[in-house]
Each structure stands twice: as C-alpha cells, then as structure tokens.
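Subject: Structure handover

Hi,

Here is the structure for you to look over. Please open it next to this note.

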Amino acid sequence: MLAATLDSLINRSLSAPDTSGWPAGTRLVDTRIGRLRVFDTGGKGPVVLMVPDGPNVIEHHAAVIERLRPYARVVCFDLPGFGHSKPALAYGHRLQDGAGAVLAVMDELDIREAALHFSCANGLYAIAAAKAAPHRIRRLLLCQTPSMPAMRAWTQKNVPKPLQVPVVGQLLMRASRRRFASVWYGIALPDRSRFDEFLAPADHSLTHGGCFCLAGVVQGLSQARDGELDGVKTPTLLVWGERDRSHLRTSPDSLQELLPQARVERFADCGHFPDLEQPQRYAELALATLNA
C-alpha cells in the first residue's frame, strides 16, 4: 500500500499535461477509480475498448483506430499510472484493480458490452475483467499476452530487480522514466527503422506530465494467485509478434493453458506491438473475430 501511495503522490507532482495536441475526442473523465484520459470515437455499433501498453499512449493507436472506426465505436484510455491518467492513492495495479478500471470506464461511458483490445501484461487485466463480468466482455483481442507463469518468467528476465522492490522501484521509475522508455523501444521493436516514430509520442507525454508506473504494475501483478483467472470462456484472439526480442523465449501457445479457446495468429515480421506495427492486418483480424 505504501508503494501505491508513493506512486500516486509523486505522479501528482508532475507538470500539467499539454492538451493542445490531444486527438479530437480525447478528454479527462472522472470515474469511480479516478480521473482517466479517454478517447472516444462515439457512434453506434460494437464497442472496441483498448488501452496502450506503456510507455505507449493513446496517440500510438491512431492508425489502428482509424481502421476500426468505420465498423465500431472505438474507446481508448490510458490505464491509471500511464499516460495522463494519474493513479489514485489506493490503486495498486493488481488484477482486480485493472479489471475495475475497465468496468469503471464502461460504466461512465454507458457501454453495456465491449471487446477488449489489450496487450502484454495488460491482457491479464482484460482477462480479469472478462471473469468479473463475463456478460459484458464479448471478445478478448490480445497481443503479446502469455500465460501467468510465462508472464512471471518474462518479468524476471526483462524487468530490472530494483523495479520489483516496493518504494525503491517507484522512486527509480520516477527518476528514470524517459530512459526506460527509450531502452524499451530498442528491445521491443524488430529494428531501428521505426524507433523514433514510437519514442516521440511517449517522450512527449513523459515530458509533459505523463506517467509510466511500470514498477507498480510489476509489483501489483506479482500478487496474482495461481488459478485466479481460471474459467474464462470468452472467445479470444491472440496476435503475436515473433520478432519481439523481449519474448524470444516465450511461447504464445502458453495462453491456451489459461484460455483453451484462444486462437493464435503470428506476425512473423513484427515486434512487441503487432497491432500498431501492422494496423491494417490487425484490424482485419480483429473485425473478423468481433463479427464471428
């Protein structure tokens, strides 16, 4: 709890966001778990609810949103502790916290049901939301999300040990968040050709009051219990970028240990962000899954 409180306090002290460049349709929305930055295309049709995989922010999703919006209402929001959604004092990044954030946004925007487009560790929050409210989550559209044991192994390999220590990790991320973002894109992308394209919006966010509470997520998800996500039956698509160097030893098929119904699609030439690296191909798969 002390670490979560510290995360909230030090991120509240960051400078006010520069809203002038925010995409049209983006606003701060007060929910029961705090004030969150939300983009909403509006309109009717099926709802696709997505969150960026930090240090990505809403702006990273522009291309995939444009390809989905003719066929769906698309909502994208920064999770608490990322982008311009400041974490509340009690927000601990546990499975139930992430699921609560999803359902809070859906309630505030009067969304009865949605497909969830989440990536990597955030995908575990999506699965938790599907377990908490199975009647409201119609599809899971995941990227780079393995099983819980595989996610733990990924964390031990890729996340520096100090970030896994409460309080120490929060202070380290506060001081080094821009450096961590730069290093991460160097690992996550398949090559350097799009490095600047990904880094620029993240760095702009971080230099204008944005959050990157990676330590909080690592520590919060470490509290997850074996079997906590068992029993989810929601139809699931997992898109996997095979040139993601952080996941070279991770099997995408491991997700089927948790979600046997998951269909795995591999993008051989993509890194950690297959949905953003190939938005047209991803959108076609997502829409086909949504309409199946």
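Below are the ground rules, then the sheet, then the cysteines.

This is a predicted model: local features need pLDDT of at least 70, side-chain atom pairs count only at pLDDT 80 or more, and totals for chains, interfaces and linings use all residues. Residues are numbered from 1 along each chain as its sequence is written, and side-chain values use heavy atoms, leaving out hydrogens and water.

**The sheet**

Helices (H or I, at least four residues) and strands (E, at least two) are DSSP runs, numbered from the N terminus. Strands count as paired if DSSP finds at least two bridges between them. On that basis there is an open sheet of 8 strands with mixed pairing. Its order is β1-β2-β4-β3-β6-β7-β9-β10. β1 (26-31) and β10 (263-267) are the edge strands, each pairing on one side only. From one strand to the next, the twist averages 25 degrees. Axes here are lines fitted to C-alpha atoms, for helices over the stretch in contact (heavy atoms within 4.5 Å). Angles run from 0 to 180 degrees between N-to-C directions.

**Around β7**

Strand β7 covers residues 137-143, and 6 of its 7 residues are buried. Buried means under 20% relative accessible area, with a 1.4 Å probe and protein chains only. β7 pairs in the parallel sense with β6 (residues 114-119) over 6 bridges. One bridge joins A114 to I137 in β7. Between β6 and β7 the chain passes through helix α4 (residues 122-132), a right-handed β-α-β crossover. Right-handed means that, with the strands pointing away from the viewer, the path from the first strand over the helix to the second runs clockwise. α4 lies across both strands, at about 165 degrees to β7. β7 also pairs with β9 (residues 236-241), in the parallel sense over 4 bridges. There, L142 stands opposite L238 in β9.

**β2 and β4**

This pair is antiparallel: β2 (residues 34-40) meets β4 (residues 73-77) over 3 bridges. F39 stands opposite C76 in β4.

**The cysteines**

How many disulfides are there? A disulfide is a pair of cysteine sulfur atoms within 2.5 Å. The count is 0. C76 has no such bond because the closest cysteine sulfur, in C143, is 12 Å from its own. C270 is in no disulfide either; the nearest cysteine sulfur, again that of C143, is 9.4 Å away. C76 is buried, at 0% relative accessible area. C270 is buried as well, at 1%.

Best wishes

Definitions and conventions: Buried means under 20% relative accessible area, exposed over 50%, partly exposed in between (1.4 Å probe, protein chains only).
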